[in-house]
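Read the following alongside the sequence and the coordinates. The text takes the sheets, the cores and the cysteines in turn.

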Amino acid sequence: MKLRCAILDDYQQVARTMADWSSLLDRIEVQSFHRHFEGEDETAAALADYDIVVIMRERTPFRASLLARLPRLKLLVTTGMRNAAIDLAAAASHGVVVCGTAGKTEPAVELTWALILGLARQIVPEHNALRSNGPWQSSIGTDLYGKRLGLLGLGKIGSRVARIGLAFGMDVMAWSQHLTQERTDEVGVRLAASKEELLESSDFVSIHLVLSERTRGLLGASELRRMRASAYLINTSRAPIVDQTALAEALLNGWIAGAGLDVFEIEPLPKTTYSGPCPMF
């Protein structure tokens, strides 16, 4: 009898083609789910008969309560080597082995710069205006050369983002709680004396930190108010690092010029009827 394997949150329907599953198919039956499950009840019902579950990042939480409802589950595989959405202690108590895959840093770096350039050159609103016969070139772009790029985090991804910023001729500064002068010298950027200095002096602030109890809510209303009204915030790390209510207030009230986001506390985003101005993409 074959083991049953479920792949969750395969929105683009590409999981079966992104890896070679052929060596497993004589022993494992693989099912890919393209639609996100709404809530724990739906998730538990859909996965009750599966021995293996492969999850994408932190899109579906595996808390103790869900793990207790999946008695057949023996192996939980996550993309990447960190996943804050998995209760590791509960998994161990239920005899579930948790493992992760290797991950690439290049996609996150490239996406970060796509967001920075999109914000700086107002690509999305100008594109939308062109397609809807709106005003021609109604905005003025922001040059990157000579501007300050402030990085919260200078690990594998942050350091690569920094090097591209330097290539654009930007003044790159970095800060994190345990960042050292030796590390910033190695990358060729400046060490901010404090988080506050980085926020107050940067034209672009990009987050490249791991989500932890130390970084959760790192940027709240008081921190966002420290940023320049002309500054942009980019987050391709984890949504809870920024207080989402405070960020919405900052965007709607013009505390900052805009935000480029690839992460949200609820994914996929719930449908909304709001159509007012919000400088975010």
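Which residue in S7 is the bridge partner of Leu 152? The residue is Trp 175. Before following that pairing outward, a word on the model is needed. The model is predicted, with an average pLDDT of 93 over the protein and 96% of the residues at 70 or above. Residues 273-278 are a weak stretch: pLDDT stays under 50 there, and the model has four contacts for them beyond four places in sequence. Where pLDDT is low, the predicted coordinates should not be read in detail.

Leu 152 belongs to strand S6, which spans residues 148-152. S6 pairs with S7 in the parallel sense, over five bridges. Strand S9, residues 204-207, is also a parallel partner of S6, through four bridges. On that side, Leu 152 stands opposite Ile 207. Leu 152 therefore has a bridge partner in S7, Trp 175, and a residue opposite in S9, Ile 207, as the open sheet of six parallel strands, ordered S8-S7-S6-S9-S10-S11, places S6 between S7 and S9.At the edges of this sheet stand S8 (190-191) and S11 (258-261); each has a single partner strand, so one side of each is left without a neighbour in the sheet.

The cover over S6 can be read residue by residue. In a regular strand the side chains alternate between the two faces of the sheet. In S6, Arg 148, Gly 150 and Leu 152 lie on one side and Leu 149 and Leu 151 on the other, and all are buried. The count for the strand is five buried residues of five.

Helix H6 (residues 156-167) packs on this sheet and touches both S6 and S7 (171-175). The direction of H6 makes about 175° with that of S6. Arg 163 lies in H6 and, with a relative accessible area of 42%, is partly exposed. Val 187 is 24 residues from Arg 163 in sequence, yet the two C-alpha atoms are 7.4 Å apart.

Next come the nonpolar cores. The largest has 26 residues, and Leu 152 is among those with the most contacts inside it, along with Leu 198, Leu 224, Met 227, Leu 233 and Leu 247. At least two residues of this core come from each of S7, helix H8 (195-201), S9, helix H10 (244-252) and S11. H10 gives the most, four residues. What does Leu 247 touch, not counting residues up to four places away in sequence? Its contacts are Leu 224, Leu 233, Val 242, Ile 256, Ala 259 and Leu 261. A second core, separate from this one, has 21 residues, including Leu 115, Leu 119, Leu 154 and Tyr 232.

The other sheet to follow is an open one of five strands, in the order S2-S1-S3-S4-S5, with parallel pairing. S2 (28-32) and S5 (97-100) are its edge strands, each pairing on one side only. From one strand to the next the twist averages 20°.

Strand S3 (residues 52-55) lies between S1 and S4 in that order. S1 (residues 3-7) runs parallel to S3 and is joined to it by three bridges. Across this pairing, Cys 5 stands opposite Ile 52 and Ala 6 stands opposite Val 53. On the other side of S3, four bridges in the parallel sense connect it with S4 (residues 75-78). There Val 54 has Val 77 as its bridge partner. Both faces of S3 are covered: Ile 52 and Val 54 are buried on one side, and Val 53 and Ile 55 on the other.

Cys 5 leads to the last topic, the cysteines. A disulfide is a covalent bond between the sulfur atoms of two cysteines. How many disulfides does a search of the whole structure find? The search finds zero. For Cys 5, the closest cysteine sulfur is that of Cys 99, 11 Å away, which is too far for a bond. Seen from Cys 99, the nearest cysteine sulfur is that of Cys 5, and Cys 99 is in no disulfide. Cys 5 is buried, at 3% relative accessibility, whereas Cys 99 is partly exposed, with a relative accessible area of 32%.

Methods
Residues are numbered from 1 along each chain as its sequence is written. This is a predicted model: local features need pLDDT of at least 70, side-chain atom pairs count only at pLDDT 80 or more; totals for chains, interfaces and linings use all residues. Side-chain values use heavy atoms; hydrogens and water are left out. pLDDT is the predictor's confidence in each residue, from 0 to 100. Contact means heavy atoms within 4.5 Å. Two strands pair if DSSP finds at least two bridges between them. Axes are lines fitted to C-alpha atoms, for helices over the stretch in contact, and angles run from 0 to 180 degrees between N-to-C directions. A disulfide is a pair of cysteine sulfur atoms within 2.5 Å. Buried means under 20% relative accessible area, exposed over 50%, partly exposed in between (1.4 Å probe, protein chains only). A nonpolar core is a set of buried Ala, Val, Leu, Ile, Met, Phe, Trp, Tyr and Cys residues joined through side-chain atoms within 4.5 Å.
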